[in-house]
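Hi everyone, thanks for coming. I'd like to walk you through one structure today, going sheet by sheet and then on to the metal site and a pocket. Let me put it on the screen.

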Amino acid sequence: MKLFGTSGIRAIVQEELTSEIAHLAGLSLGTYLNNQGKVLVGRDPRTSGEMIEHAIISGLLSTGCEVLKLGIVSTPTIAFSTKYYKGDAGVSITASHNPPEYNGIKFWQPNSMAYTPDMEEKIENIIKKRSFRRVDWTRIKGVSRVYGANDAHISAIIDSVKIDNPLKVVIDCANGAASSVTPYVLRRLGCGVITLNSQVDGHFPGRPPEPCSDTLNDLCKVVKSMGADVGIAHDGDGDRTVVVDEEGSLVDFDKFLALIAGEMTVKDSIVITNIDTSICVDEYVAKEGGKVIRTKVGDVHIAEAIMNNGAVFGGEPSGSLIFPDVHLCPDGPLAGVKLVEIINKSEENLSHLIEKIPSYPLERGKIRCRNDQKSVLMDLLKEELPKRFENLDHLDETDGIRIVMKDNSWILVRPSGTEPYMRITVEAKEDVKYLYEITLETLEENLEKTE
Ligand code: MG
């Protein structure tokens, strides 16, 4: 069984993710680190977090690492601390936006960037071969508790923004790990802060930890009824931000990304996003004299491309936004605070700022496809799909198949990394439904051939 998916290890606790697996992950990371070094370990508030934490720490100690325990902190706080406390690696124990029965493990590099798929493969191979190297009893080190991680992270966020006229903000942390960051940052910046679901609770009693239109009704209502300027929502571990405008409407994810990307851009800046993002980001960045480079889907690919291209900013429509002037991990609290800074500077309402962003019809959907059919189907589609469209400009195979038309309309077909689906996105200035139908039809026809 493959342990690492698109975002580290993630599974239902006591089924695929047990304390034994967590212990093996700790032993493997310690072996990978050559039986030495300092590892920062933190977790979101899930009820299984302590069990996983102790198992990982035991593995790390057994292989000669020293452990700095952060307790319940957001994922960006863990990544930031790995850099700040000069760690040799960081470990997040979190299942991000998944329901409370899930948990997961994700590793961080000393520069605050997630482990790349290559690094994860090495960790996984050590587990598969059971090639752990335990140290002699005389070399076993201990655990220290770090209490200043939230403060250090909060200070770094505050230092990166300037807010002259504080706003009224409603924050919904999903009872997740960002509860100890975002409200405190904005209060220290002088904002009027109203909190919803901002006491940590691993059962996520306030709302499911995924911030989306189905789960943010309370936030939308409270922003409007309290006359707030903006609503900010996070996922369970606080690396994502979704926002609500002053009218109480959820802001389109691609447009939120475009707004921030445009604001971060100066002439000749480079901005990174993935291949499944609306062209409104390219247009808004181009307006400021910048250029967009696209990567595979996944925050580690965004972070890598930021490093390789010296980009000013990178993000995905999921609400994972990376500001490399602070660190290389998607940072929900930082994204929320940057938005507050932008609204403050513009002296306009958020809904007006969003209205200015160009918008084209976009359709996203999926069809069921067994994992064993995916690669054969993709090979067939590479041949068949381009034949179905006139005005084809080029084919991009960065991640799945992306067909780009002469008028910049585009179609993306890619297999889901975690579920038995093929995902389809179509964005077009006209005929979006027609293009979507042709794509769907071509997929269905070719799926039959794979049986
Ligand atoms: Mg997350």
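Before I start pointing at strands, a quick word on pairing: two strands count as a pair here if DSSP finds at least two bridges between them. And please keep in mind that this is a predicted model.

With that in hand, let's take the 7-stranded sheet. This sheet is open, its pairing is mixed, and the strands come in the order β1-β2-β6-β5-β3-β4-β7. The edges are held by β1 (4-5) and β7 (143-145); each has a single partner strand, so one side of each lacks a neighbour in the sheet. Who sits beside β7? That is β4, residues 66-72, and the two run parallel, joined by 3 bridges. If you want a residue to click on, try Lys69, whose bridge partner in β7 is Arg145.

Now the other sheet I picked. Here we have 4 strands, again in an open sheet with mixed pairing, ordered β13-β12-β14-β15. At its edges are β13 (291-295) and β15 (321-322), each with a single partner strand, so each has one side without a neighbour in the sheet. Helix α9, residues 280-287, packs on this sheet and touches both β12 and β13, with its direction at about 150° to that of β13. Inside the sheet, β12 (270-274) and β14 (313-315) are parallel and share 3 bridges; Ile272, for example, has Gly314 as its bridge partner in β14.

On to the metal. Which protein atoms bind the magnesium ion as donors? They are OG of Ser96 and OD atoms of Asp235, Asp237 and Asp239, at 2.0 to 2.2 Å from the ion. Along the chain, the donors are spaced as S-x138-D-x1-D-x1-D. Ser96 is in the loop between β5 (89-93) and β6 (102-108), while Asp239 is in the loop between β10 (230-234) and β11 (241-244), so this pair ties together parts 143 residues apart in sequence.

Last stop, the second largest pocket, at about 280 Å³. Its lining has 13 residues, and nearest the centre are Glu390, Asn391, Met405, Asp431 and Leu435. By type, the lining splits into 6 charged, 5 nonpolar and 2 polar residues. Helix α14 (432-449) gives the largest share, 3 residues.

That's my tour; happy to chat.

Notes
Residues are numbered from 1 along each chain as its sequence is written. This is a predicted model: local features need pLDDT of at least 70, side-chain atom pairs count only at pLDDT 80 or more; totals for chains, interfaces and linings use all residues. Side-chain values use heavy atoms; hydrogens and water are left out. Contact means heavy atoms within 4.5 Å. Axes are lines fitted to C-alpha atoms, for helices over the stretch in contact, and angles run from 0 to 180 degrees between N-to-C directions. On a 1 Å grid over the protein atoms alone, a cavity is a set of points where a 1.4 Å probe fits but cannot get out, and a pocket is an open set with protein on both sides within 12 Å along at least five of seven lines; lining residues have an atom within 4 Å of a point. Grid points are joined across faces, edges and corners, and a volume is the space filled by probe spheres set on the points. Ala, Val, Leu, Ile, Met, Phe, Trp, Tyr, Cys and Pro count as nonpolar, Asp, Glu, Lys and Arg as charged, and the others, Gly among them, as polar. Donors are N, O and S atoms within 2.8 Å of the metal (3.2 Å for Na, K and Ca); water is not among the atoms, so sites may look incomplete.
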